[in-house]
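Work through the exercises below with the coordinates open. Try each task before reading its solution.

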Amino acid sequence: MNNDKSYFCWVMITQSKDVPGEWVAHNLAFDVVTQGTSIQHALEMIGEASYMVVEDDLEHGRDPQSRQAPDECFDEMFKLTSDGQRIQLSDVLTPEGQKSVRALVIQMALRFQHQRLRVTAGEGFDVPLAMMPKAGGSPALRC
C-alpha cells in the first residue's frame, strides 16, 4: 500500500451494558466495534481495529467506506451530540474524569502515509468533540 490516504471517522464510546468497568468503542464509518478497560484503552483499541480493517480492505481492492454502521447507530450518535455539551477529551481520559461519563462521541482521523499509520483523535484533530449532558440533563449520558 503506497498511496497516502486519510479517513475521517465518528467514534462512539459507551460504557458496556454487560461488563462493568468496560468501555465499548464503535467506529461508525467502518462499523468496527471493540472494547477496552478505560476510555483511553477503548480509543487505542478502536484505532488499531479500524486500521486493520481498512488495511485489509485496501490490500484486497475494496473500498473501506463501502461499509458503515446501520442508520440507527448514526441516529444514536446525533442524539448524543444534540443532548450533550463539548468538553476536552483530555478531561475524561483520567480514571477520575471518566467516572462522570457514560458516552463520548469523538472524531478520529486514520492517516496511512507510506505504509505507516497515524491515528489522531480529540485534541490531535480539528475539533475535539466529546459530549456531556447539558445542565439539568440526564447524568446517564455524557456523550
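The exercises go from the whole chain down to single side chains, and they use a predicted model.

**Exercise 1. The chain as a whole**

Task: State how many helices and strands the chain has, and in what order they run.

Solution.
- Count the elements. The chain has three helices and seven strands.
- Read them from the N terminus. The order is β-β-β-α-α-β-α-β-β-β.
- Check burial. Of the 143 residues in the chain, 43% are buried.
- Check the surface. About 7,800 Å² is exposed, and carbon and sulfur atoms supply 48% of that area.
- Check contact range. Take the contacts with a separation of 6 or more: 59% of them join residues 24 or more positions apart.

**Exercise 2. The nonpolar cores**

Task: Find which residues touch the most other members of the largest nonpolar core, and which elements supply this core.

Solution.
- Start with the general trend. In soluble globular proteins, nonpolar side chains tend to be buried together.
- Take the largest core. It holds 25 residues, and Ile-13, Phe-30, Leu-104 and Leu-110 touch the most other members.
- Trace the suppliers. At least two residues each come from strand 1 (5–15), strand 2 (23–27), helix 1 (39–59) and strand 5 (103–113).
- Rank them. Helix 1 gives the largest share, seven residues.
- Look for a further cluster. A second, separate core has nine residues, among them Leu-28, Phe-74, Ala-103 and Val-105.

**Exercise 3. An aromatic pair**

Task: Locate the aromatic pair and classify its geometry.

Solution.
- Count first. There is one aromatic pair.
- Apply the geometry. The ring centres of Tyr-7 and Phe-30 are 5.7 Å apart and the planes meet at 80°, so the pair is edge-to-face. The cut-off for that class is over 60 degrees.
- Place the partners. Tyr-7 is in strand 1, and Phe-30 is in the loop between strand 2 and strand 3. They are 23 residues apart, so the pair links distant parts of the chain.
- Test burial. Both Tyr-7 and Phe-30 are buried.

**Exercise 4. Pairing around strand 2**

Task: Work out which strands pair with strand 2, and in what sense.

Solution.
- Take strand 1. It pairs with strand 2 in the antiparallel sense over five bridges. Here Thr-14 stands opposite Val-24.
- Take strand 3. Its pairing with strand 2 is antiparallel as well, over five bridges. Val-24 stands opposite Gln-35, and Ala-25 has Thr-34 as its bridge partner.
- Inspect the connection. Strands 2 and 3 form a hairpin with four residues between them. Asp-31 in the turn has a positive phi of about 50°.
- Judge the surroundings. Strand 2 is largely enclosed by the rest of the structure, because four of its five residues are buried.

**Exercise 5. The two faces of strand 3**

Task: Sort the residues of strand 3 into a covered and an uncovered face, then test Thr-34 and Gln-35 as buried or partly exposed.

Solution.
- Recall the rule. In a regular strand the side chains alternate between the two faces of the sheet.
- Sort residues 32–36. Val-32, Thr-34 and Gly-36 form the covered face; Val-33 and Gln-35 form the uncovered one.
- Test Thr-34. Its relative accessibility is 17%, so Thr-34 counts as buried. The cut-off is under 20%.
- List its contacts beyond four places in sequence. Thr-34 touches Trp-23, Val-24, Ala-25, Ala-42, Met-45 and Ile-46.
- Test Gln-35. At 40% relative accessible area, Gln-35 is partly exposed.
- List its contacts likewise. Gln-35 meets Glu-22, Trp-23, Val-24, His-41, Ala-42 and Met-45.
- Add distance and polarity. The C-alpha atoms of Gln-35 and Trp-23 are 5.4 Å apart, with their positions 12 residues apart in sequence counted as the separation. The Gln-35 side chain makes a polar contact with the Glu-22 side chain at 3.2 Å.

**Exercise 6. Met-45 against strand 3**

Task: Determine which residues Met-45 touches beyond four places in sequence.

Solution.
- Place the residue. Met-45 lies in helix 1.
- Grade its exposure. Met-45 has a relative accessible area of 28%, so it is partly exposed.
- Read the contacts. Met-45 touches Thr-34 and Gln-35, and Thr-34 lies in strand 3, as does Gln-35.
- Gauge one distance. Met-45 and Val-33 are 9.1 Å apart, C-alpha to C-alpha, and 12 residues apart in sequence.

Conventions: Residues numbered from 1 in each chain as written. Predicted model: local features only at pLDDT ≥ 70, side-chain atom pairs only at ≥ 80, totals over all residues. Heavy atoms only, no water. Core = buried A, V, L, I, M, F, W, Y, C linked by side-chain atoms within 4.5 Å. Buried < 20%, exposed > 50% of the residue type's maximum accessible area, 1.4 Å probe, protein only. Pairing = 2+ DSSP bridges. Contact = heavy atoms within 4.5 Å. Areas by Shrake-Rupley, 256 points an atom, 1.4 Å probe, with all protein chains shown as cover. Phe/Tyr/Trp six-rings, centres within 6.5 Å; stacked < 30°, edge-to-face > 60°. Polar contact = N/O pair within 3.5 Å; in protein donor to acceptor, adjacent residues only side chain to side chain.
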